[in-house]
Amino acid sequence: MTTRQRRGMIIKNTHLKPVEINMKTRTIVVEPGQEMLLTAEEVRDPVLREHLQVRSVSIVRPATEEEEQEFRKEQGIRG
């Protein structure tokens, strides 16, 4: 059986006020209308999941492998 490779996601704040999300790996503030890339690990964070359930942020689309690699490089994240 093949292990499924998890990917990051692009999220977007669809509200009129900034949304602060305090995840285990980092705290982010997403401004109204702003899109932000999250790593595959961050997508599984329970705090982010709560924000998705109450719709303070929405998933735009999965991140491409290239986007996630570039983001990890910029942030100094190994993996």
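Colleague: What share of the 79 residues in the protein is made up of buried residues?

Modeller: In this predicted model, buried residues make up 34% of the 79 residues, where a residue is called buried if its relative accessible area is under 20%.

Colleague: What makes the protein as compact as a globular protein of that length?

Modeller: The protein, which has three helices and five strands, runs β-β-β-β-α-α-β-α from the N terminus on. Its radius of gyration is 13 Å, close to the 12 Å that the globule rule gives for 79 residues, so the protein is as compact as a globular protein of that length. Along the principal axes, the C-alpha trace spans about 40 × 30 × 20 Å.

Colleague: How do you know that the buried residues of H2 are on the same side of the helix?

Modeller: In helix H2, residues 46–53, the buried residues are Leu 48, His 51 and Leu 52. They cover an arc of only 100° around the axis, which puts them on the same side of H2. The face turned away from that buried side carries Pro 46 and Gln 53, which are exposed, a word that calls for over 50% relative accessible area.

Colleague: What covers the buried residues of H2?

Modeller: The cover includes the strands S1 (9–12), S2 (19–22), S4 (35–38) and S5 (58–62), together with helix H1 (40–43).

Colleague: Why is Asp 45 called a cap of the N-terminal end of H2?

Modeller: A side-chain oxygen of Asp 45 lies 2.8 Å from the backbone nitrogen of Val 47, and because a polar contact asks for a pair of N or O atoms within 3.5 Å, this pair meets the distance cut-off. Just after H2, Arg 55 takes a positive phi of about 65°.

Colleague: What puts the buried residues of H3 on the same side of that helix?

Modeller: Glu 68, Phe 71 and Arg 72 are buried in helix H3, residues 65–75. Their arc around the axis is only 100°, which puts them on the same side of H3. These buried residues pack against S4 and H1, while Glu 66, Lys 73 and Glu 74 are exposed on the other side of H3. Just after H3, Gly 76 takes a positive phi of about 70°.

Colleague: Why are S2 and S3 said to pair, and in which sense?

Modeller: Two strands pair if there are at least two bridges between them, and because S2 and S3 have four bridges, in the antiparallel sense, they satisfy that criterion. One of the bridge partners in S3 is Thr 27, which is matched with Asn 22, and the two strands form a hairpin with four residues between them.

Colleague: Which residues of S3 form its covered face, and which its uncovered one?

Modeller: In S3, residues 27–30, Ile 28 and Val 30 form the covered face, whereas Thr 27 and Val 29 form the uncovered one. In a regular strand the side chains alternate between the two faces of the sheet.

Colleague: Which residues have the most contacts inside the largest nonpolar core?

Modeller: That core has 13 residues, and those with the most contacts inside it are Ile 11, Ile 21, Met 23, Ile 28, Leu 38, Leu 48 and Val 57. S1, S2, S3, S4 and H2 are the elements that give two or more residues to this core.

Colleague: What does Met 23 touch, not counting residues up to four places away in sequence?

Modeller: With those neighbours left out, Met 23 touches Ile 28, Leu 38, Glu 42, Asp 45 and Leu 48.

Notes:
Residues numbered from 1 in each chain as written. Predicted model: local features only at pLDDT ≥ 70, side-chain atom pairs only at ≥ 80, totals over all residues. Heavy atoms only, no water. Buried < 20%, exposed > 50% of the residue type's maximum accessible area, 1.4 Å probe, protein only. Arc of directions from axis to C-beta. Contact = heavy atoms within 4.5 Å. Polar contact = N/O pair within 3.5 Å; in protein donor to acceptor, adjacent residues only side chain to side chain. Core = buried A, V, L, I, M, F, W, Y, C linked by side-chain atoms within 4.5 Å. Rg over C-alpha atoms; globule rule 2.2 N^0.38 Å.
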